Amino acid sequence: MLYVHKHPLMLGTLLSVGTLLLAPSVLADSVTERGERFERVVEINGQHYALMGSGVFRYMIWTAYAGAYYQLEGETEPLPLSDVPRRLELAYFHNIEAADFAEATEKTLKESLTLYEFSQIEEDLERLNQRYRAVVPGDRYLLSWDGESLQLALNGDVVFEDDSAEFASAMFGIWLGERPLSDDFRDALLGQG
């Protein structure tokens, strides 16, 4: 039997060891990608989203942004192009102009979708492209689908909303589809990297 109360030094040592043992569980509540922190579970409007994976997107020689992909808690299989509620959060390391977002989004969707598929989402895309805002290092865009509504938010402010599941899947497909911007980044986001 250990008599801690008789040995103050022993009590201090046990408390220090206890703190060290608890520290990993506290740190496990989030992940960090190049200094950007992402929670493992996020609650929005009563829905809990679990982190599937995170990573860093590199474009040519630049590290462009860090990202994290979430799905409705309980959905353990990655379903980024389904109707499952999901979220993609991107934290930027460089300045990017709104026009550059619009141009890149349109170009990527034209390359990844059939002509028919693109024609089905073209009006939604035009509206989205008018809503993009420029970012500076530290800004975060959040793309989310709650099962009924697609939202794009910049630093917590919603800049675009739409109710098209097809457009939501097209947008998530940019990073998580069959022909993503980067296979490595997609795999990291899906927890397969």
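Helices and strands are here taken as DSSP runs, of at least four residues for helices and at least two for strands, and they are numbered from the N terminus. With the elements named in this way, the predicted model can be described from two of its loops, through a pocket and a strand residue, to a patch on its surface.

In the loop that joins β3 (41–44) to β4 lies Asn-45, a residue other than glycine whose phi is nevertheless positive, with a value near 50°. Most residues other than glycine have a negative phi. Asn-45 is classed as exposed because its relative accessibility, 78%, exceeds the cut-off of 50%. A second asparagine, Asn-155, is found in the loop between β8 (150–154) and β9 (157–162), and its phi is likewise positive and near 50°. The relative accessible area of Asn-155 is 44%, and this residue therefore counts as partly exposed, a class that lies between the limits of 20% and 50%.

The largest pocket of the model has a volume of about 870 Å³. Two or more residues of its lining come from each of the strands β4, β5 (62–72), β6 (86–92) and β7 (140–145), and from each of the helices α2 (98–112) and α4 (165–176). Among these elements, α2 makes the greatest contribution to the lining of the largest pocket, giving nine residues. The lining comprises 31 residues in total, and those that lie nearest the centre of the pocket are Phe-57, Tyr-65, Asp-100, Ala-104 and Leu-181. In terms of residue class, the lining of the largest pocket is made up of 21 nonpolar residues, together with five polar and five charged ones.

Strand β7, one of the elements that contribute to this lining, also contains Ser-144. With a relative accessible area of 11%, Ser-144 falls under the 20% limit and is therefore buried. Although Ser-144 and Tyr-70 stand 74 residues apart along the chain, their C-alpha atoms are separated by 9.2 Å.

On the surface of the model, Tyr-59, Met-60, Ile-61 and Trp-62 together make a nonpolar patch of about 540 Å². Tyr-59, one of the residues of this patch, belongs to strand β4, which covers residues 47–59. The relative accessibility of Tyr-59 is 46%, so that this residue is counted as partly exposed. Strand β4 thus holds a residue of the surface patch, and β4 also gives two or more residues to the lining of the largest pocket.

How values were computed
Residues numbered from 1 in each chain as written. Predicted model: local features only at pLDDT ≥ 70, side-chain atom pairs only at ≥ 80, totals over all residues. Heavy atoms only, no water. Patch = residues over 30% accessible without salt bridge, like charges linked within 9 Å, V, L, I, M, F, W, Y side chains within 5 Å. Areas by Shrake-Rupley, 256 points an atom, 1.4 Å probe, with all protein chains shown as cover. Salt bridge = Lys/Arg side-chain N within 4 Å of Asp/Glu carboxyl O. Buried < 20%, exposed > 50% of the residue type's maximum accessible area, 1.4 Å probe, protein only. 1 Å grid on protein atoms, 1.4 Å probe; cavity = no way out; pocket = protein on both sides within 12 Å on 5 of 7 lines; lining within 4 Å. Points joined across faces, edges and corners; volume = space filled by probe spheres on them. Nonpolar A, V, L, I, M, F, W, Y, C, P; charged D, E, K, R; others polar.
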